[in-house]
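Hi,

Here is the structure I said I would pass on. Have a look at it, and then read my notes underneath.

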Amino acid sequence: MDENNKKILKEGGYRITPQRTQVLCAISTNPQSVEEIYETVSQGTIKTDLASVYRALTLFVKLKLVQAVNFGDGKDRYEILNTHKHHHHALCTRCGKITDVELQDGKKLEREASKKTNYRITGHSLEFFGICHNCCNA
Ligand SMILES: [Zn+2]
Ligand SMILES: [Zn+2]
Ligand SMILES: [Zn+2]
């Protein structure tokens, strides 16, 4: 767990437990579903269950350490927030690989959406689907 995340937990009055550390560690490189995180954490020495992993994630989302990414496939995936700036994802529909996509979309999209809907837009998420390089070559 990086220092900044530790600080946020401490300031919120939350303990830095090995389980919380492992949950964050499991998503340090790629967004993962609760089940995948649970699997990764249980491979280590820490005893855990799905409900505890879910509780840890809910806390991290509340503290804005983690965000949920939704590809509309009924499965929320979680990723670490503070190391990433705003970005999008590409999901391989064959193997499930997820790649970050940084686009220069800035505030333009949001301004356009705001104009069309009269909403005060506070954010957006945009995900891409396709077939990754590996799967294309398989
Ligand atoms: Zn693939
Ligand atoms: Zn990402
Ligand atoms: Zn964007």
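The chain has 6 helices and 6 strands, taken as DSSP runs numbered from the N terminus (helices are H or I with at least four residues, strands are E with at least two). Along the sequence they come in the order α-α-β-α-α-β-β-β-β-α-β-α.

Before you go further: this is a predicted model, where local features need pLDDT of at least 70 and side-chain atom pairs count only at pLDDT 80 or more, while totals for chains, interfaces and linings use all residues. Residues are numbered from 1 along each chain as its sequence is written, and chains are lettered from A and ligands numbered from 1 in the order in which they are written.

The C-alpha atoms fill a box of roughly 50 × 45 × 25 Å along the principal axes. Of the 138 residues, 17% count as buried, meaning 20 or more other C-beta atoms within 10 Å of the residue's own; exposed is 12 or fewer, partly exposed is in between, and C-beta atoms are placed from the backbone.

I spent my time on H4, residues 50-62. Its buried residues are Val53, Ala56, Leu57 and Phe60. Seen down the axis of H4, they fall within an arc of 100 degrees (directions from the axis to the C-beta atoms), so they line one face of the helix. Ala51 and Lys62 are exposed on the other side of H4. Cover for the buried residues includes helices H2 (18-26) and H3 (34-43), plus strands E2 (66-70) and E3 (76-80). After H4 comes Lys64, with a positive phi near 65 degrees.

Cheers

Technical notes
The expected span of a helix is 1.5 Å times one less than its number of residues. Two residues are in contact if their C-beta atoms, placed from the backbone, lie within 7 Å.
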